[in-house]
Structures are given as C-alpha cells and as structure tokens.
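Work through the exercises below with the model open. Each task is followed by a solution in steps.

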Amino acid sequence: MFGYVIANLEGLTQAQKDRYKGCYCGLCRVLKQQHGFSGRMTLTYDMTFLVLLLSALYEADEERGMEICPAHPLRKHFYWQTRYTAYAADMNVVLAYNNCRDDWQDDGSALKYWEAEALSCQCAAVRARWPRQCAAIEQCMAELSEIEQADTGDLDAAANCFGRLMGELFVTDELWDDRLRPFGEALGRFIYLLDAVIDLPEDLRHGRYNPLRTLPQDADLHALLTMLLGVLIFIDDYFNCLTVGAVMRPVTESHHISRAKLAYLIDATAAPVCMIAPVSSWAAAVSGYVNSDSVSGIQMFIRQIPWNY
C-alpha cells in the first residue's frame with residue numbers, strides 16, 4: 001500500500017523536475033545520516049511528497065548542496081532538505097518496519113522478517129522522537145490486520161483504518177493540522193482502494209484477502225472500476241489518462257476488455273470530469289482568462305459548471 005504517490009514527470013517543467021529530484025535526494029541523504037544503509041533502502045516517493053507539501057505549507061528554511069553518493073558516483077548532484085525531511089525520514093522507516101512485519105505475518109516471508117529486524121533499532125529511536133505518530137501507525141496496522149483476518153468484506157472499515165494512519169502522518173502539531181488530517185485520511189482511503197483494485201487478480205489467484213473479492217468478478221465490474229478511478233482523479237486530465245491507463249490496463253486485459261474500450265472509458269471520464277471540478281488544472285487555466293472587477297475567475301468557472309456539464 002506504499003509507493004503510489006509519485007510525480008507525473010511529463011507534466012513538470014525542467015526546473016520542477018530538478019526540484020523534485022533534489023527533494024528525493026535530500027530525503028535519501030537524511031535517511032543515510034539518521035538510519036544508516038538499511039534506512040536508506042526504505043526510500044519511497046510517498047515521503048518525498050510529504051516533504052514537498054509540509055515544506056511548502058510552512059515555508060521551512062532549506063539546506064542546499066551538491067554531493068556525490070553511491071547512486072550518483074560519477075558527478076555531483078543537487079539536493080535540498082528542510083526540518084521536515086528528517087521527519088519524513090523517520091516516518092519512512094517506521095512505515096517500512098511495520099509493512100515488513102505485516103508481510104511476514106501474512107506470508108511467512110523470511111526475507112521480510114529479517115528486513116524488519118534490520119530496522120528494529122532505528123524504529124525504536126523514532127518512537128522516542130515521535131510517540132503519537134508511531135502509536136497511531138502501530139494501532140492502525142493492528143486494526144487493519146484484525147479486519148483482514150475477520151474478512152467480513154467491509155471495504156469501508158479497512159479503507160477508513162488506513163486513512164486514519166495516513167492522516168496522522170500529515171499532522172505535526174502546527175498551524176495546518178486541521179486541514180492536513182482530513183486530507184491525509186482521504187488520500188489514505190484512496191490509496192487503499194487503489195491497492196485493492198491493482199492486487200485483485202493476483203489475490204484471487206493465491207486466495208489472499210482482498211476487500212473487493214466478494215464482488216462479482218466480471219468485465220462490467222472492472223469497467224465500472226475504471227470509470228470510478230477516472231472520476232476520483234480529477235486534478236488534471238492528462239494525469240488522469242496516464243494514471244488510470246497504467247493502473248487498469250493489466251486488470252482489464254485479464255478480463256478481456258479491449259484496449260480500445262479502455263481508452264474510451266478513460267477519455268469519457270478524464271477531461272469531462274476535470275472541466276467541471278473547481279480544484280483542477282482546467283479551472284486554473286480558465287480562471288486565468290477572466291479579467292473582471294465584479295467577479296473572480298474561480299467564481300466565473302463555478303457558475304459555468306452547469307453549462308459545461
């Protein structure tokens with residue numbers, strides 16, 4: 001359930017790509033400093049997003065530099081970090097530790113057991129620094145394990161549990177906590193559902209838990225799931241097409257849905273949904289053309305939604 005929050009690099013300018021990569025390298029650097037080689041191996045794009053978000057919201061001071069590392073041994077590369085980079089590095093280690101333990105308990109994987117053992121000392125140090133977040137993560141992971149073992153088919157219970165876990169990661173006892181907690185919870189629920197959709201074919205083959213496995217497994221269901229994802233990802237129509245296409249193509253192909261039909265379903269829910277969503281790249285673009293003292297661009301866009309629909 002981790003590794004889904006990644007950047008759409010094709011939609012970024014070169015300067016934005018450089019900043020994103022610099023943030024990723026900064027997080028990798030801090031993981032090595034605070035948690036050693038085993039900590040660096042847990043690096044994910046999810047926590048890079050957390051660093052970017054918190055650093056921007058709280059306008060944190062940045063430390064910048066150029067250095068050589070094992071991943072870039074031939075030339076120096078740019079990195080930047082803030083105080084939230086250290087926080088994200090700690091959360092990265094705790095999540096990786098609990099994820100390894102969960103995989104070991106579910107599958108009996110010896111590799112996951114030893115990976116968890118390698119992170120246990122670092123995880124203990126993180127608990128001392130961030131007791132509330134660590135307690136919430138461990139409690140939610142335990143509840144999620146109980147829900148999966150009960151296997152009642154209650155999709156909301158599992159998604160809401162993971163949502164609470166994600167919500168706590170975004171809260172650092174500062175100004176924007178009241179806004180960030182529901183944002184993190186909503187993101188967590190979406191990630192859990194996305195993970196369930198992607199893993200469904202493999203979980204069915206191996207008889208593993210999946211909250212969607214009780215639903216009818218036919219082509220119509222997966223076409224509906226494709227449309228649902230298309231509606232949920234309303235930020236940008238190009239990002240919608242790239243994400244939903246990459247996620248749903250292997251699922252729909254396994255149920256003999258043609259690529260032409262998949263393309264139609266994606267196209268029917270990408271731009272049409274984006275152009276009526278106030279929080280979207282379409283809204284930002286249209287609002288920029290409005291030059292009026294009596295009404296703002298976003299107000300004009302909202303008033304036009306019924307006509308766009």
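## Exercise 1: Stacked tyrosines

Tyrosine 84 counts as buried, at 3% relative accessibility. The model is predicted.

**Task.** Classify the ring pair of tyrosine 58 and tyrosine 84, and place both residues in the chain.

**Solution.**
- Step 1. Take the two descriptors: a pair of aromatic rings is described by the distance of the centres and the angle of the planes.
- Step 2. For tyrosine 58 and tyrosine 84, the ring centres are 5.6 Å apart and the planes stand at 25°.
- Step 3. Planes under 30 degrees apart count as stacked, so the pair of tyrosine 58 and tyrosine 84 is stacked.
- Step 4. Tyrosine 58 sits in the loop between H2 and E1, and tyrosine 84 in helix H3 (residues 83-107). The pair therefore ties together parts that are 26 residues apart in sequence.
- Step 5. Check the cover. Tyrosine 58 has a relative accessible area of 14% and is buried. Tyrosine 84, at 3%, is buried too.

## Exercise 2: A second ring pair

**Task.** How many aromatic pairs does the structure hold? Describe the one formed by tyrosine 24 and tyrosine 45.

**Solution.**
- Step 1. The structure holds eight aromatic pairs.
- Step 2. The rings of tyrosine 24 and tyrosine 45 have their centres 4.7 Å apart, with planes at 20°, so this pair is stacked.
- Step 3. Tyrosine 24 belongs to helix H1 and tyrosine 45 to helix H2. They are 21 residues apart, and the pair links distant parts of the chain.
- Step 4. Tyrosine 24 is partly exposed at 22% relative accessibility. Tyrosine 45 is partly exposed at 36%.
- Step 5. Widen the view: ring pairs join Tyr20, Tyr24 and Tyr45 into a cluster.

## Exercise 3: Glutamate 67 and its partners

**Task.** Which residue forms a salt bridge with glutamate 67, and which one stands opposite glutamate 67 in E2?

**Solution.**
- Step 1. Recall the principle: side chains of opposite charge can pair when their charged atoms come close.
- Step 2. Arginine 29 is the salt-bridge partner of glutamate 67, with the closest N and O atoms 3.1 Å apart.
- Step 3. Arginine 29 lies in helix H1 (residues 14-40) and glutamate 67 in strand E1 (residues 63-69). The two are 38 residues apart, so to the chain this is a link between distant parts.- Step 4. Arginine 29 is buried, with a relative accessible area of 15%. Glutamate 67 counts as partly exposed at 21%. The cut-off for buried is under 20%.
- Step 5. Turn to the strands. E1 and strand E2 (residues 72-81) pair in the antiparallel sense over six bridges. They form a hairpin with two residues between them.
- Step 6. Opposite glutamate 67 in E2 stands histidine 77.

## Exercise 4: Salt bridges between helices

**Task.** How many salt bridges does a search of the whole structure find? Locate the pairs arginine 127 with glutamate 138 and glutamate 143 with arginine 164.

**Solution.**
- Step 1. The search finds nine salt bridges.
- Step 2. Between arginine 127 and glutamate 138, the closest N and O atoms are 2.6 Å apart.
- Step 3. Arginine 127 lies in helix H4 (residues 110-129) and glutamate 138 in helix H5 (residues 131-150), so the bridge ties together parts 11 residues apart in sequence.
- Step 4. Arginine 127 is partly exposed at 31% relative accessible area. Glutamate 138 is partly exposed at 29%.
- Step 5. In the pair of glutamate 143 and arginine 164, the closest N and O atoms are 2.6 Å apart.
- Step 6. Glutamate 143 lies in helix H5 and arginine 164 in helix H6, so this pair ties together parts 21 residues apart in sequence.
- Step 7. Glutamate 143 has 26% relative accessible area and is partly exposed. Arginine 164 is partly exposed at 36%.
- Step 8. Look for a network: salt bridges link Arg19, Glu62 and Arg64.

## Exercise 5: Helix H6 and a surface patch

**Task.** What span does helix H6 reach, and which residues form a nonpolar patch with Leu57?

**Solution.**
- Step 1. H6 (residues 155-169) has 15 residues. The expected span at 1.5 Å a residue is 21 Å.
- Step 2. From first C-alpha to last, H6 reaches 22 Å, close to that expectation.
- Step 3. Buried residues of H6 include Ala158, Cys161, Phe162, Leu165 and Met166.
- Step 4. Move to the surface. Leu57, Leu175 and Trp176 form a nonpolar patch there, with about 290 Å² of accessible area together.
- Step 5. Leucine 57 is in helix H2 (residues 45-57). At 31% relative accessibility, leucine 57 counts as partly exposed.

Note on methods
Residues are numbered from 1 along each chain as its sequence is written. This is a predicted model: local features need pLDDT of at least 70, side-chain atom pairs count only at pLDDT 80 or more; totals for chains, interfaces and linings use all residues. Side-chain values use heavy atoms; hydrogens and water are left out. Helices (H or I, at least four residues) and strands (E, at least two) are DSSP runs, numbered from the N terminus. The expected span of a helix is 1.5 Å times one less than its number of residues. Buried means under 20% relative accessible area, exposed over 50%, partly exposed in between (1.4 Å probe, protein chains only). A salt bridge is a side-chain nitrogen of Lys or Arg within 4 Å of a carboxyl oxygen of Asp or Glu. Patches are made of residues with over 30% relative accessible area and no salt bridge: like charges are joined within 9 Å, nonpolar side chains (Val, Leu, Ile, Met, Phe, Trp, Tyr) within 5 Å. Accessible areas come from the Shrake-Rupley method with a 1.4 Å probe; for residues, only the protein chains shown count as cover. Two strands pair if DSSP finds at least two bridges between them. Rings of Phe, Tyr and Trp (its six-membered ring) pair if their centres lie within 6.5 Å; planes under 30 degrees apart count as stacked, over 60 as edge-to-face and the rest as tilted.
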